[in-house]
Amino acid sequence: MTSTSDSAPAKPGSNTNWLLLLLKARTFVALLLVLAFFSVMAPNFLSTANAILVSKHVAINAFLAIGMTFVIITGGIDLSVGSVVGLTSMIAGWLVLNGIDVGMGWTLYFNTFEIAAIVCLAGITVGWINGILITRLNVAPFIATLGMLYVARGAALLFSGGRTFPNLNGNPEYGSDTFPLIGTGTFLGLPVMIWMLIVVALGAAYIASRTPLGRHIYATGGNERGAALSGVRVRRVKMFVYMFAGLMAAIVGLIIASQLRAAHPATGEFFELNAIAAAVLGGTSMSGGRGRIAGTIIGAFVIGILSDGLIMMGVSSFWQMVVKGLVIIAAVVIDQAQSRLQAKVALAQEVALNK
Amino acid sequence: MTLPQQNGETHPVGLTIRGATKVYPGTVALKDVDFDIRMGAVNVLVGENGAGKSTLMKVIAGVETLTSGEICIKGQPVHFRTKDDAVANGIGIVFQELNLFPDMSVSENVFMAREPARFGIDIDHVLVEERTRELMQRLEQDIDPNTTLGHLRIGQQQVVEIAKALAQDARILILDEPTSALSAAEVEVLFRIIDELKAQGVGIVYISHRLEELIRVGDYITVLRDGEITGSRSMQGVDIPWIVQAMIGEKSKDFSESLGHEFGKEVFRAEEIALPKMGGGFMVDHVSLSVRAGEILGLYGLMGAGRSEFLECIMAQHPEARGRFFVDDREMREKHVSGRIARGIALVPEDRKRDGLVQIMSVRENITLSSLFQFTTLFHLSLRKEAARAAEFIRRMTVKVASPDNPISSLSGGNQQKVVIGKALMTGPKVLLMDEPSRGIDIGAKAEIYHKMRALAADGIGIIFVTSDLEEVLALSDRIIVMANGCISGEFGRGANAAEVIAAASPASAKSKNKDMVS
């Protein structure tokens with residue numbers, strides 16, 4: 001994004017510039033390090049089958065992390081996405097199994113596309129409610145989405161009285177027999193869900209860097225008042241990011257229900273925390289205004305590879321949690337160092353210019 | 001500079017500053033300043049914004065250190081490295097913006113961070129309350145130490161702030177614009193407190209822009225202009241023209257000459273704009289005005305006169321405001337900033353940091369933020385077009401920047417201001433609203449911005465600019481409107497008399513005018 005290194009006139013800058021470049025690419029460096037480490041330490045880690053397996057694990061988190069990144073860039077947070085995953089997978093399960101009872105003995109069944117559309121709409125609606133709470137009723141994002149975390153989880157449990165919807169194989173008569181393919185199908189050798197991730201990630205990165213909406217998202221997080229006075233429709237921007245986060249959660253809900261061919265109301269517990277971790281690891285600033293989709297994806301991969309690799313090495317899951325936590329904290333510490341260094345370099349350039 | 005001898009005897013000098021010079025990168029804030037604070041008297045300090053008053057006070061309060069020069073208390077040189085050093089030497093300061101905790105009680109506020117405690121951990125609430133009560137008695141104020149601070153009126157909160165300074169045994173009390181937020185009755189209370197403190201031998205430094213008030217309350221007056229002392233004497237025989245003369249002086253800053261163009265037809269009109277104030281009354285009290293194409297309209301007044309609020313009303317920041325705006329004779333009904341920008345209104349806000357810029361974004365992203373849709377087809381933002389347009393405006397505004405992708409925060413204040421103005425201009429405005437456009441920037445950048453304003457007016461843009469700088473409003477405006485207490489209290493053409501403009505700006509004149517209208 002910035003071309004600080006090539007336009008720096010100052011001589012003592014060359015060392016700092018190298019360091020800055022290294023710090024900027026830190027998530028990528030971390031990814032290479034964990035890859036290298038597990039290729040050596042864990043047997044079969046580098047096989048194609050394992051790579052696809054890890055990617056599938058990562059994808060679940062990456063969807064949520066992409067939505068979370070937008071929310072965090074605006075200076076907010078969405079704690080409800082994990083619960084929305086549970087709720088939307090239950091909705092998917094209900095639609096596949098029971099359809100919608102329209103009364104008078106009629107029941108409406110849907111095909112796979114219709115089910116996917118309805119589930120996505122449900123996720124967007126939850127995001128819309130979050131957005132209304134935050135922009136119109138001035139509830140702090142943390143509180144609004146914390147409330148939604150409980151409400152959505154409770155609703156998911158109420159759907160089935162806490163039971164699992166089993167055997168979501170669909171019915172060819174209604175065109176819903178393709179439902180399991182969302183999570184298990186492959187296209188050109190890659191799982192469908194990976195293709196979906198690629199499309200979503202490219203779309204999100206495009207929004208972030210090449211549309212006015214994306215610029216407005218960054219401006220809102222950087223200085224809400226200033227953005228509003230510059231003509232940015234701050235409320236609309238916030239509505240968008242929460243609705244987008246809801247959509248991401250719905251996609252994950254669909255994928256999980258389809259993969260397992262079952263919908264369990266406890267699905268997605270603590271997913272929101274993994275999503276936040278991936279975003280932060282990828283360089284998203286919790287105070288808003290800073291973050292990139294590519295960084296988030298890499299962050300999701302670092303976390304995913306770390307946990308899968310440690311499992312393959314046979315490290316206990318207790319140690320895995322400790323390691324994951326340390327990596328996240330280290331990422332933020334390095335992030336702070338980078339911001340300081342970057343400010344110093346830019347200031348040095350301006351001083352050199354004004355001399 | 002010489003002070004009458006007999007006054008020197010009745011009011012001993014408590015603190016002297018000799019040869020004070022303070023250099024900031026790029027500007028000299030104080031040049032060889034001598035200043036005496038006399039005990040048991042009110043030492044008035046007056047000067048325009050940026051004259052160096054607040055720097056001088058920060059030096060005395062230990063917030064800043066001098067580049068050269070010395071501070072003596074009772075003949076002994078002292079060095080204040082931190083605020084605590086100054087407090088230990090009996091110096092208390094009450095800033096214009098009160099530094100209080102609204103959700104805590106009065107006594108907790110008074111003893112904030114200095115709570116008397118048993119064994120260093122257990123706060124002695126009884127003692128805290130007792131001593132607060134004593135202080136309130138000394139100030140003759142009936143304020144219960146247990147009241148939550150936020151429930152007090154603003155005048156009472158100020159009393160609490162004064163009590164806080166006195167609780168630290170302040171012998172010298174600096175009051176920075178203490179009356180700017182007070183009602184007339186509260187001002188009287190404050191003056192009574194000042195009289196009592198004087199009688200107790202406290203030396204008071206009083207900073208204000210309200211000249212009648214200074215003459216009434218002051219014993220000694222010191223006038224600062226561009227970091228230099230231009231007048232220092234006892235208050236006897238001082239009148240407003242003398243102060244204005246000392247404040248503004250003969251030599252003028254570079255305001256660049258008017259380009260001598262004709263004005264076009266009216267581009268903007270406000271009719272009966274009213275913005276209700278919390279607790280009754282109006283921040284903006286039914287203001288009507290108009291500006292013609294190519295005209296520079298100066299909106300002068302003191303802090304709290306409602307000038308910035310009026311501009312905010314134009315920019316749709318106060319949905320509760322009433323009244324109508326017209327651009328090119330068509331009513332502006334747009335409810336949102338972006339709609340108003342599209343109608344040709346652009347605002348350069350007063351507080352650059354808070355309202356004008358997104359600090360963590362680059363210069364390019366800031367300057368194009370209001371105009372992104374110019375480079376957008378459907379939803380695709382052309383980064384190439386954006387960069388080209390940003391470069392064009394950086395050149396036009398003569399912003400000094402190594403790379404347009406550097407963060408805005410790395411620029412100097414003057415260059416940041418040019419970016420804010422550039423952002424406003426990129427939207428292609430018909431009417432440019434500028435709130436204190438020259439605040440906090442150095443003289444060179446000021447001259448450039450004045451020059452720019454002239455050039456824009458010559459291009460047919462109507463400019464409304466708000467300022468508290470008398471010299472600026474007199475030199476730059478084609479027409480001056482003075483506001484006080486939310487009303488328009490005077491209108492002057494080019495070449496207006498400085499003393500008349502100041503008189504119109506005082507809140508008292510607004511009141512008497514209102515009375516005239518009633519009777």
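Which elements of chain B each supply at least two residues of the lining of the second largest cavity?

## The second largest cavity

The structure is a predicted model. In chain B, strand 18 (345-348), helix 12 (352-356) and helix 15 (413-426) each supply at least two residues of the lining of the second largest cavity.

This cavity has a volume of about 100 Å³. Its lining has 15 residues. Nearest the centre lie A:Leu229, A:Ser230, B:Leu347, B:Ser370 and B:Lys423. By class, the lining holds nine nonpolar, four polar and two charged residues.

## The largest cavity

The count of cavities of 30 Å³ or more comes to four. The largest encloses about 140 Å³ of space. It is lined by 14 residues. Closest to its centre are B:His209, B:Leu211, B:Tyr300, B:Leu302 and B:Ile502.

Two or more lining residues come from each of helix 8 (211-217) and helix 18 (498-505) of chain B. The lining of the largest cavity divides into six nonpolar, five polar and three charged residues.

## Position between domains

Where does the largest cavity lie with respect to domain 1 and domain 3 of chain B? Domain 1 covers 1-90 + 171-178 + 203-251, and domain 3 covers 266-358 + 429-518. Both give residues to the lining of the largest cavity, so this cavity lies between them.

Terms used
Residues are numbered from 1 along each chain as its sequence is written. Chains are lettered from A and ligands numbered from 1 in the order in which they are written. This is a predicted model: local features need pLDDT of at least 70, side-chain atom pairs count only at pLDDT 80 or more; totals for chains, interfaces and linings use all residues. Side-chain values use heavy atoms; hydrogens and water are left out. On a 1 Å grid over the protein atoms alone, a cavity is a set of points where a 1.4 Å probe fits but cannot get out, and a pocket is an open set with protein on both sides within 12 Å along at least five of seven lines; lining residues have an atom within 4 Å of a point. Grid points are joined across faces, edges and corners, and a volume is the space filled by probe spheres set on the points. Helices (H or I, at least four residues) and strands (E, at least two) are DSSP runs, numbered from the N terminus. Ala, Val, Leu, Ile, Met, Phe, Trp, Tyr, Cys and Pro count as nonpolar, Asp, Glu, Lys and Arg as charged, and the others, Gly among them, as polar. Domain bounds come from an automatic or database domain assignment.
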